[in-house]
Amino acid sequence: MDRFKAHMRAKHLAYRTEKIYCLWVLDFIRFHGRRHPEDMGAAFVCGVFP
């Protein structure tokens, strides 16, 4: 999440936007059983579940 926040700050997005995007990412991770998006691969991230 720290890398994600750093990326958001580098794009100069508003703090509230960063906060909401981080909540979306956390919801995504929780939905997929707390697996990190980097560990899941493109099929999970793109919405095609095996």
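In the predicted model, helix H1 (residues 2-10) packs against helix H2 (residues 15-31) at an angle of about 150°, and the two axes lie 10 Å apart. The crossing of H1 and H2 is right-handed. On the side of H1, the contact is formed by Phe-4, Lys-5, Met-8 and Arg-9, and on the side of H2 by Thr-17, Glu-18, Tyr-21, Cys-22 and Val-25. By residue class, the contact of H1 with H2 comprises five nonpolar residues, one polar residue and three charged residues. This pair of helices belongs to a chain that has four helices and zero strands, so that the order of elements from the N terminus is α-α-α-α. Of the 50 residues in the chain, 14% are buried.

Glu-18, a residue of helix H2, is one of the H2 residues in the contact with H1. Its relative accessible area is 6%, and because the limit for a buried residue is under 20%, Glu-18 is classed as buried. When neighbours within four places in sequence are set aside, the contacts of Glu-18 are with Lys-5, Met-8 and Arg-9. These three partners are also among the H1 residues that make the contact with H2. The side chain of Glu-18 is joined to that of Arg-9 by a polar contact of 3.1 Å. The pair also meets the criterion for a salt bridge, with an N to O distance of 3.1 Å between the side chains. The salt bridge of Glu-18 with Arg-9 therefore involves a residue that is buried, at 6% relative accessibility.

Two salt bridges are present in the structure. Besides the one between Glu-18 and Arg-9, a salt bridge is formed by Arg-30 and Asp-27, whose closest N and O atoms are 3.5 Å apart. Arg-30 and Asp-27 are both in helix H2, and because they are three residues apart there, about one helical turn separates them. Arg-30 has a relative accessible area of 46% and is therefore partly exposed. Asp-27, at 45% relative accessibility, likewise counts as partly exposed. Glu-18, by contrast, is buried.

Helix H1 also contains His-7. With a relative accessible area of 47%, His-7 is partly exposed. The C-alpha atoms of His-7 and Glu-18 are 9.7 Å apart in space, and the two residues are eleven residues apart in sequence.

The loop between H1 and H2 includes His-12 and Leu-13. The phi angle of His-12 is near 60°, a positive value in a residue other than glycine. His-12 has a relative accessible area of 72%, and because this is over 50%, His-12 is exposed. Leu-13 is partly exposed, with a relative accessible area of 37%. Beyond its neighbours within four places in sequence, Leu-13 is in contact with Met-8 and Tyr-21. Met-8 and Tyr-21 also take part in the contact between the helices, Met-8 from H1 and Tyr-21 from H2. Leu-13 of the loop thus touches a residue of each helix, Met-8 and Tyr-21. Met-8 is in addition one of the contacts of Glu-18.

Key. Residues are numbered from 1 along each chain as its sequence is written. This is a predicted model: local features need pLDDT of at least 70, side-chain atom pairs count only at pLDDT 80 or more; totals for chains, interfaces and linings use all residues. Side-chain values use heavy atoms; hydrogens and water are left out. Axes are lines fitted to C-alpha atoms, for helices over the stretch in contact, and angles run from 0 to 180 degrees between N-to-C directions. Helices (H or I, at least four residues) and strands (E, at least two) are DSSP runs, numbered from the N terminus. A crossing is left-handed if the near helix is turned anticlockwise from the far one by less than a right angle, and right-handed if clockwise. Contact means heavy atoms within 4.5 Å. Ala, Val, Leu, Ile, Met, Phe, Trp, Tyr, Cys and Pro count as nonpolar, Asp, Glu, Lys and Arg as charged, and the others, Gly among them, as polar. Buried means under 20% relative accessible area, exposed over 50%, partly exposed in between (1.4 Å probe, protein chains only). A polar contact is a pair of N or O atoms within 3.5 Å; within protein, one must be able to donate a hydrogen and the other to accept it, and residues adjacent in sequence count only if both atoms are side-chain atoms. A salt bridge is a side-chain nitrogen of Lys or Arg within 4 Å of a carboxyl oxygen of Asp or Glu.
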